[in-house]
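Q: I have a sequence and a 3D structure to look at, and I would like to learn how to read them. Could we go through some features together?

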Amino acid sequence: MPCPALPDGFDFTDPDVLHHRVPLPEFAELRRAEPVRWIPQAPGLAGFGDEGYWAVTRHADVKYVSTHPELFSSTLNTAIIRFNEHIERDAIDAQRLILLNMDPPEHTRVRQIVQRGFTPRAIRALEKNLHARAGRIVESALANAGPGGSFDFVTEVACELPLQAIAELIGVPQEDRAKIFDWSNKMIAYDDPEYAITEEIGQEAATEILAYAMNMSADRKQCPAKDIATTLVAAENEGNLASDEFGFFVLMLAVAGNETTRNAITHGMHAFLTHPDQWDLYKRERPATAAEEIVRWATPVVSFQRTATQDTELAGKQIRKGDRVGLFYSSANNDPEVFDTPEVFDIDRDPNPHLGFGGGGPHFCLGKSLATLEIDLIFNAIADAMPGMRLVGDPRRLRSAWINGVKELQVSAG
């Protein structure tokens, strides 16, 4: 098999790469020629003391690593594939308290508690309220539109329903959702110079979320309410979250439930407006398969990582104990061995075994049902109220090592 023709020094986690595009041609080249490839890095560049990571690009291999936590740990180096180069190791290790960065059996214990908030019954209970909220969000965007009906889709539409859903789910007052938005932005924007977010500011934002959530936990223990926070921390049965565990759960939701869904919605809108046949189809038929294709197309999290717990083999490569392994979901979701014409945005695609919610195993996305509900609701509301929406400008992308993010998308209501 010929070696892949990648430029010298090409690194899939280089923030300058995702600032401009998702490197789909390079992913395709690796899947063809070397589906598991060592990507060298200078020690400390990604916050780790090693010399690089293995890039895993095929759908089947990403699923294998995801479903074998005994071989590939989320805890040892966390699931974040690249931190700021100035981060201290203690700051990385502190993130092991987040569910995303736990391994079984601790992960199993905490997940069994928090999934009480994501049962089908819990999500159904939110649907009517979120349906009304989606309509009001779109109406507000129309009312606030500037000359020619133009507005920023990210701030006016895409970010609002995920924020309101999280607030509704865990009992955060809606008037506080702007704080969550601001804190979560600061936590993940350390690679984007426009935000001028230092490592210290990001850590302060994480501390603010933790303090907010821990105060909320203490309040629910004193004064139980009919919300998920009470269910997780103050119910009488055993097996509840301690205040700090609840704090780290809310911190994870601020990113996993907010940033990811808002970026899926933004990329989905851009996809519709650059594929007008699909927008016409959606407006006419509202297929139930649309949300899953939007997530596959967007793949808001380009990659997470695992760390090998022992020497093992993957796709013919010898992985050593302690090696970091990058799971590139954006590549897996464009694997032609799994998807017919993956380069085509097709809202009727079925089946659609994408890995936009993770590759299965213990870390499969807890909030999948909520995310797809939000996507369905907001696009139904847009199709009803703004069927003639059009693009005004190109998306302004986030500079990030692992998030397929959009900061601004100017549109017109039409």
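A: What follows goes from the whole chain to single residues, and the model is a predicted one.

Q: How many helices and strands does the protein chain have?
A: A first reading lists the regular elements, and here the protein chain has 16 helices and 12 strands.

Q: How does the radius of gyration of the protein chain stand beside that of a compact globule?
A: The idea is to set the value beside what a compact globule of the given length would have. With 414 residues that would be near 22 Å, and the protein chain has 21 Å, which agrees. Along the principal axes, the C-alpha atoms fill a box of roughly 55 × 55 × 40 Å.

Q: What share of the residues is buried, and what do the contacts say about residues apart in sequence?
A: A residue is called buried when its relative accessible area is under 20%, and buried residues make up 57% of the 414 residues in the protein chain. For contacts, one looks at how far along the sequence the partners are: among contacts between residues at least 6 apart, 72% join residues at least 24 apart.

Q: What can be said about the surface and the charges of the protein chain?
A: The accessible surface comes to about 17,200 Å², and 52% of this surface belongs to carbon and sulfur atoms. As for charges, there are 40 positive and 60 negative side chains, with the centres of the two sets lying 3 Å apart.

Q: How should I read a single helix, such as helix 16?
A: One can compare its span with the expected one and then ask which residues are buried. Helix 16, residues 368–385, has 18 residues and reaches 26 Å from its first C-alpha to its last, close to the 26 Å expected at 1.5 Å a residue. Its buried residues include Leu-370, Ile-375, Phe-379 and Ala-383, and what covers the buried residues of helix 16 includes helix 6, helix 12 and helix 14.

Q: Is Ser-303 buried or exposed, and what is in contact with Ser-303?
A: Ser-303, which is found in strand 5, counts as buried because its relative accessibility is 1%. Leaving aside neighbours within four places in sequence, the residues in contact with Ser-303 include Ile-81, Tyr-329 and Trp-402.

Q: What is there to notice about the phi of Thr-299 and of Thr-341?
A: Most residues other than glycine have a negative phi. Phi of Thr-299 is near 40 degrees, a positive value, and phi of Thr-341 is also positive, near 40 degrees. Thr-299 is found in the loop between helix 14 and strand 5 and counts as buried at 2% relative accessibility, whereas Thr-341, in the loop between helix 15 and helix 16, counts as partly exposed at 45%.

Q: Which residue 106 places from Thr-299 along the chain has its C-alpha atom 9.7 Å away?
A: Distance along the chain and distance in space are read separately, and Gly-405 is the residue in question. Gly-405 is found in the loop between strand 10 and strand 11, counts as buried at 1% relative accessibility, and has Asn-263 and His-267 among its contacts beyond four places in sequence.

Q: Where are cis peptide bonds found?
A: Most peptide bonds are trans. A cis bond joins Pro-104 and Pro-105, with omega about 5 degrees, and Pro-105 is placed in the loop between helix 4 and helix 5. Another cis bond joins Asp-350 and Pro-351, with omega about 5 degrees, and Pro-351 is found in the loop between helix 15 and helix 16.

Terms used. Residues are numbered from 1 along each chain as its sequence is written. This is a predicted model: local features need pLDDT of at least 70, side-chain atom pairs count only at pLDDT 80 or more; totals for chains, interfaces and linings use all residues. Side-chain values use heavy atoms; hydrogens and water are left out. Helices (H or I, at least four residues) and strands (E, at least two) are DSSP runs, numbered from the N terminus. The expected span of a helix is 1.5 Å times one less than its number of residues. Buried means under 20% relative accessible area, exposed over 50%, partly exposed in between (1.4 Å probe, protein chains only). Contact means heavy atoms within 4.5 Å. The radius of gyration is taken over C-alpha atoms; the globule rule is 2.2 Å times the number of residues to the power 0.38. Accessible areas come from the Shrake-Rupley method with a 1.4 Å probe; for residues, only the protein chains shown count as cover. Lys and Arg count as positive and Asp and Glu as negative; His and the chain ends are not counted. The place of a charge is taken as NZ of Lys, CZ of Arg, CG of Asp or CD of Glu.
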